[in-house]
Amino acid sequence: MVDASIVFRLLANVKGDDLLRQRLSRQMHAPALIDVEIASVVRGHLITSKPEVRISAERAQIMLERFAQLKIVRHRMAPLQQRVLELRNNLTAYDGMYVALAEYLQVPLLTDDAKFAGSTGHRAEIHRYPSPASI
């Protein structure tokens, strides 16, 4: 299972992420929320005033096209909402949605977000890529 941060990293085509590209070439699972989160982060990189992270409109379009080609099984969010509320003290509703789905599917969740990877108060197994040891 994947979150938006790891999928964006894949779309950004970071040098040295060959293992990630291989791993994410298979079928992945995510809450349907991932579609709007990816659109939001691509939009943010398109309109930012920070030249070091800004992308062109052409690059944004390519990223969204590549995203559409990924093999992501999108899961409905309504059945997960109660669990998201239970996680309210430790996670945002967005992160809680990923955790609730990982718990439900009983699969590890892959993220690029260090804070999210270190979160507590849930039963999900969260893996960070790249692992802190390889940074």
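Where does Pro130 lie relative to strand S4 (126-128)? In this predicted model, Pro130 is found in the segment that comes after strand S4. The peptide bond joining Tyr129 and Pro130 is cis, with omega at about -5°.

The backbone has further points worth a look in the loops. Asn13 sits in the loop between helix H1 (4-12) and helix H2 (18-23), and its phi is near 60°, a positive value in a residue other than glycine. With a relative accessible area of 45%, Asn13 is partly exposed, because it falls between the 20% and 50% limits that mark buried and exposed residues. Gln106 also has a positive phi, near 55°, and is likewise a residue other than glycine. Gln106 belongs to the loop that runs between helix H6 (93-105) and strand S3 (109-111). Its relative accessibility is 72%, so Gln106 counts as exposed, the cut-off for that class being over 50%.

Turning to the interior, the largest nonpolar core comprises 38 residues, and Val7, Ile34, Ile38 and Tyr98 are those with the most contacts inside it. Two or more residues of this core come from each of H1, strand S1 (28-31), helix H3 (34-47), helix H4 (57-69), H6 and S3. In soluble globular proteins, nonpolar side chains tend to be buried together. Ile38 offers a handy place to inspect the core: leaving aside neighbours within four places in sequence, Ile38 is in contact with Ala4, Val7, Phe8, Leu11, Leu64 and Phe67. Among these partners, Val7 is itself listed with the residues that have the most contacts inside the core.

Conventions:
Residues numbered from 1 in each chain as written. Predicted model: local features only at pLDDT ≥ 70, side-chain atom pairs only at ≥ 80, totals over all residues. Heavy atoms only, no water. Helix = DSSP H or I, 4+ residues; strand = E, 2+ residues; numbered from the N terminus. Buried < 20%, exposed > 50% of the residue type's maximum accessible area, 1.4 Å probe, protein only. Core = buried A, V, L, I, M, F, W, Y, C linked by side-chain atoms within 4.5 Å. Contact = heavy atoms within 4.5 Å.
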